[in-house]
Amino acid sequence: MTAAVVAGLLAGYGIAIPVGAVGAHLVAVAARSPWRTGAGAALGIAAADGLYALLAVLGGAALVPLLAPVATPLRWVSAVVLVILAAHSTRTAVRAYRSGPATAESPPPAPRRAFLTFLGITVLNPMTVVYFTALVLGGHSTTGATEASVFVAAAFAASASWQLLLATGGTLLGHLVTGPRGRLTTALASGVLIAALAVGLVV
């Protein structure tokens, strides 16, 4: 049981800690939203990681050949979605800056919407299930339903704790950068970073 917990935690942190385009977008959203919105987005990412961990222990070896033909198209879709989100975020920030402080900013997404959005973006990355499957087939697999459940739960918990840390960092950044110019600068920087990381998904 302990081995399954440790394996799940290591697997979850292993997939979560390398901050890619989705993680960068999470920080950007959290910086301009209440913490509960960032938390909802963070849990959406963790839910996708947990889902793929579950698929891996249920039958990852059978899923990999099925996912291989669509891996590249899904990466392209994910990259396009992230670039669109980065462009929208940048355009909104520029418009708000040009309009001046008198113009009310658009309300942040609700936590439930943020959860579903980030769940969808993360699910578009089929390499996550390949990663978990490689771990399962490489000796980190579990020997029964209980161990499998513990592995998946630990992987989800590890991913959730890291994503919530990123969301909290984004919220704190948003509280520190309160001026119009600071918000514009961080929005532009995050937009460029997200777009660059998204392009890296397919290059």
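**Entry 1. Overall figures**

I began with burial: 37% of the protein's 203 residues count as buried. I note that the model is predicted. For the accessible surface of the protein I have about 10300 Å². Carbon and sulfur atoms account for 72% of that surface.

I then listed the secondary structure and found seven helices and zero strands. Along the sequence the pattern reads α-α-α-α-α-α-α. I also looked up how far apart in sequence the contacting residues lie. Taking contacts between residues at least 6 apart, I find that 91% join residues at least 24 apart.

**Entry 2. Helix H2**

Is H2 enclosed or open? I counted 10 of its 11 residues as buried, so H2 is largely enclosed by the rest of the structure. The buried residues I wrote down are Ala21, Val22, Gly23, Ala24, His25, Leu26, Ala28, Val29, Ala30 and Ala31.

**Entry 3. Nonpolar cores**

I went next to the largest nonpolar core, which has 20 residues. Which of its residues touch the most other members? I noted Val22, Leu26, Leu82, Phe118 and Ile194. Two or more residues come from each of helix H2 (21–31), helix H3 (35–99), helix H4 (111–123), helix H6 (145–176) and helix H7 (180–200). H2 contributes the most to this core, with seven residues.

I picked Phe118 for a closer look. Leaving aside residues up to four places away in sequence, I find that Phe118 touches Val22, His25, Leu26, Val29, Ala41, Gly44 and Ile45. Of these partners, Val22, His25, Leu26 and Val29 are also on my list of buried residues in H2.

Apart from the largest core I found another, of nine residues. Ala7, Ala56, Val152 and Ala155 are among its members.

**Entry 4. H1 against H6**

I describe two packed helices by the angle between their axes and the distance between the axes. For helix H1 (residues 2–16) and H6, the axes come within 7 Å and cross at roughly 35°. I recorded the crossing of H1 and H6 as right-handed.

Which residues meet here? On the H1 side I listed Ala4, Val5, Ala7, Gly8, Leu9, Ala11, Gly12, Tyr13 and Ala16. On the H6 side I listed Glu147, Val150, Phe151, Ala154, Ala155, Ala158, Ser159, Ser161, Trp162 and Gln163. I sorted the residues of this contact into 13 nonpolar, five polar and one charged. Ala7 of H1 and Ala155 of H6 take part in this contact, and I had already met both as members of the core of nine residues.

Definitions and conventions
Residues numbered from 1 in each chain as written. Predicted model: local features only at pLDDT ≥ 70, side-chain atom pairs only at ≥ 80, totals over all residues. Heavy atoms only, no water. Core = buried A, V, L, I, M, F, W, Y, C linked by side-chain atoms within 4.5 Å. Buried < 20%, exposed > 50% of the residue type's maximum accessible area, 1.4 Å probe, protein only. Helix = DSSP H or I, 4+ residues; strand = E, 2+ residues; numbered from the N terminus. Contact = heavy atoms within 4.5 Å. Areas by Shrake-Rupley, 256 points an atom, 1.4 Å probe, with all protein chains shown as cover. Axes fitted to C-alpha atoms, helices over the stretch in contact; angles between N-to-C directions. Left-handed = near helix turned anticlockwise from the far one by under 90°. Nonpolar A, V, L, I, M, F, W, Y, C, P; charged D, E, K, R; others polar.
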